[in-house]
Amino acid sequence: MEPQTQALTQEKPSFETNLQRLEEVVKLLESGDLSLERALTLFQEGITLARTLSGQLDAAEARIDQALKGAGGEPVLVPVVQRSDGE
Amino acid sequence: MVLTRQVFSVSQLTQFIKDLLWNEPVLREVAVRGEISNFKRHTSGHLYFTLKDQSSSLRSVMFRSHAASLAFRPHDGLKVIAAGHITVYERDGAYQLYVRSLEPDGLGSLYLALEQLKKKLEQEGLFDPGRKRALPRLPRRVGVVTSLQGAAVRDIITVSRRRFPNLPLVIVDVAVQGAEAPERICQGLELVARVPEVDVVIVGRGGGSVEELWAFNDETVVRAVAACPVPVVSAVGHETDFTLADFAADVRAPTPSAAAELVVPDRAVLERSIEQAAGRLRLALVRRTELARARWKRAVDSPAMRRPQDRLHQLEQRVDELTRRLGVAAARRVEQARGRSERLSARLDALSPLAVLARGYSVCLDSTGAVIRSIGHVVAGEELEVLVADGSIGAAVTGTRARPAERGEGHGTTNTSVDPGKAEL
């Protein structure tokens, strides 16, 4: 439990955070009253963010799992086999 | 007669009546409509009250074991339908209704209970709009608490795959109807929230009768929804079905499909918004650069920047002009000086003793070179030098003669008669 929560808090910024930052960067850059150096830095940051965001869209894994209660009460994931004849 | 009469003890008679009542099937399973009065909740948990109508009353008791499952709070004046059996309370010799179930008359017990629970949870703030959390734009995993056998899970999977094919789903298979359903749903919510990366949960089921959806009105389920550490979208039944879980959820979806639409982002839309943001970035940078260029150009062309040069030109011109004027002035001064000096030398010339000598005058000097101004200055035989215009003449004194008395003070002069004052000028 402990290392897991730690891993969670040390995670990279979420899609949410990145998208918000990108929107912020775009607005800042569009506002126009920035030094040219600052504008360039922001532009680079924004482009990097856009790339990261696209990567995050691809990062997800097309899985359907079922969560079951494991031995210690912790959730255990097992793949769900989708029945095509389930209709 | 009397002897033949059968005499009962009170207990025997009471028991006889009791048996009689018990043998009547109608009274063993009876439902009575009436209004509650003299309602008392004993510390033991048993409920005592009287059911009344306009003309009669019926003593009733509901034991704790049954009262505990009441979904509403009975109170005086409430019209109810009580179900149970009639039997005799031997100690008082009174027949009573032993209530097994109690429901409000009119509204239907379920709805009254629902209203009461809703009011209670509302007062607790469970449904406050301020508690509602925003759904994540892109959940890393979507939790689904529903029955794997139901239609809801199929709909959710279908919609999810259409909108964002590679988004992972984590399903907890739970019973969504029946007596066990509330507990199972609560456990499912608790479990799914602990799966790492589950950022949002859909809880619900497909359409069904009011009874089939009832688990989602269960207080424990409503509380579990409200307590879920990640946002919850409820999707119970059809659009017209409302459950208390819907009120506690962060978002109520009219159907499971709609829940999936809300929770699973449309990948194409996200991609577009990222592209648009990147496009705006590029455009903004181009604009910023153009702005900088324009400002630079404006600055370079500005009078402020041009003025120093202009000023320099003006100064140079002025220096030239002054130099010219200086030359003119200086030349004029030189001319003036020359003229003045010529005039002066002319005057000086006129005063020179040599000029006097040139006019025929002469000056006598003694042997020491002193100018002789008086006859007393010389003695006979003394040698003198006589200066004339072109040289000097050696001479000797032969005698002296005083000039006859003249007007004025009259002072002796030599024949050379020189005005010494002037000559010395």
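# A tour of chains A and B

In strand S7 of chain B, Ile171(B) is the bridge partner of Gln66(A). Select that pair to start. The model is predicted, and this stop sits where the two chains share strand pairing.

**Stop 1: the strands that link the chains**

Show S1(A), residues 64–69, and S7(B), residues 169–173. They run parallel and are joined by 3 bridges.

Now add S2(A), residues 75–79. S1(A) and S2(A) run antiparallel, with 5 bridges between them. Pick Leu68(A): the residue opposite in S2(A) is Val76(A).

Follow the chain round the hairpin of S1(A) and S2(A). The strands have 5 residues between them. Which residue there takes a positive phi? Label Gly73(A); its phi is near 85 degrees.

**Stop 2: all of chain A**

Color chain A by secondary structure. There are 3 helices and 2 strands. Along the sequence the pattern reads α-α-α-β-β, so the order of elements can be ticked off from one end to the other.

Chain A has 87 residues, and 21% of them are buried. Take the contacts in chain A between residues at least 6 apart in sequence: 34% of them join residues at least 24 apart.

**Stop 3: the contact between the chains**

Select the residues of each chain that touch the other. Chain A puts in 38 residues and chain B puts in 32.

Stay on the chain A side. H1 (2–9), H2 (15–31), H3 (36–59), S1 and S2 of chain A each supply at least two residues. Which element gives the most? Highlight H3(A), which gives 10 residues. By type, the side of chain A that touches chain B holds 22 nonpolar, 8 polar and 8 charged residues.

**Stop 4: helix H6 of chain B**

Move to H6(B), residues 181–193. Put a distance between its end C-alpha atoms: they are 18 Å apart. That agrees with expectation, because 13 residues at 1.5 Å a residue should span 18 Å.

Show the buried side chains next. They belong to Ala181(B), Pro182(B), Ile185(B), Cys186(B), Gly188(B), Leu189(B), Leu191(B), Val192(B) and Ala193(B). An α-helix has 3.6 residues a turn, so residues three or four places apart point the same way.

What do the buried residues of H6(B) pack against? In chain B, select S6 (141–146), S7, S8 (198–205) and H8 (219–227). In chain A, select S1 and S2, the other elements they pack against. Both strands of the hairpin from the first stop are therefore in view again, as packing partners of H6(B).

**Stop 5: the barrel in chain B**

Select S1, S2, S3, S5 and S4 of chain B. These 5 strands close into a barrel in the order S1-S2-S3-S5-S4, with mixed pairing. From one strand to the next the twist averages 55 degrees.

Isolate S1(B), residues 30–41, and S2(B), residues 47–52. Their pairing is antiparallel, over 5 bridges. Find Glu35(B); opposite, in S2(B), stands Lys52(B).

Then bring in H1(B), residues 10–22. This helix packs on the sheet and touches S4 (79–89) and S5 (94–104) of chain B. The directions of H1(B) and S4(B) make about 135 degrees.

**Stop 6: a short helix**

Go to H7(B), residues 210–213, and pick Val210(B). Is Val210(B) buried, exposed or partly exposed? Partly exposed, because Val210(B) has 14 C-beta neighbours inside 10 Å; a buried residue would need 20 or more.

Now add Asp241(B). Val210(B) and Asp241(B) are 31 residues apart in sequence, yet their C-alpha atoms are 8.2 Å apart in space.

**Stop 7: the open sheet in chain B**

Select S11, S12 and S13 of chain B. These 3 strands form an open sheet in the order S11-S12-S13, with antiparallel pairing. S11(B) (363–365) and S13(B) (391–396) stand at the edges. Each has a single partner strand, so one side of each is left without a neighbour in the sheet. Neighbouring strands of this sheet are turned by 30 degrees against each other on average, direction ignored.

Zoom in on S12(B), residues 383–388. S12(B) runs antiparallel to S13(B), and 6 bridges join them. One pair to label is Leu387(B) with its bridge partner Ser392(B) in S13(B).

**Last view: all of chain B**

Zoom out. Chain B has 14 helices and 13 strands. Of its 425 residues, 25% are buried. Among contacts in chain B with a separation of 6 or more, 62% are between residues 24 or more positions apart.

Notes. Residues are numbered from 1 along each chain as its sequence is written. Chains are lettered from A and ligands numbered from 1 in the order in which they are written. This is a predicted model: local features need pLDDT of at least 70, side-chain atom pairs count only at pLDDT 80 or more; totals for chains, interfaces and linings use all residues. Two strands pair if DSSP finds at least two bridges between them. Helices (H or I, at least four residues) and strands (E, at least two) are DSSP runs, numbered from the N terminus. Axes are lines fitted to C-alpha atoms, for helices over the stretch in contact, and angles run from 0 to 180 degrees between N-to-C directions. A residue is buried if 20 or more other C-beta atoms lie within 10 Å of its own, exposed if 12 or fewer, and partly exposed in between; C-beta atoms are placed from the backbone. Two residues are in contact if their C-beta atoms, placed from the backbone, lie within 7 Å. The expected span of a helix is 1.5 Å times one less than its number of residues. Ala, Val, Leu, Ile, Met, Phe, Trp, Tyr, Cys and Pro count as nonpolar, Asp, Glu, Lys and Arg as charged, and the others, Gly among them, as polar.
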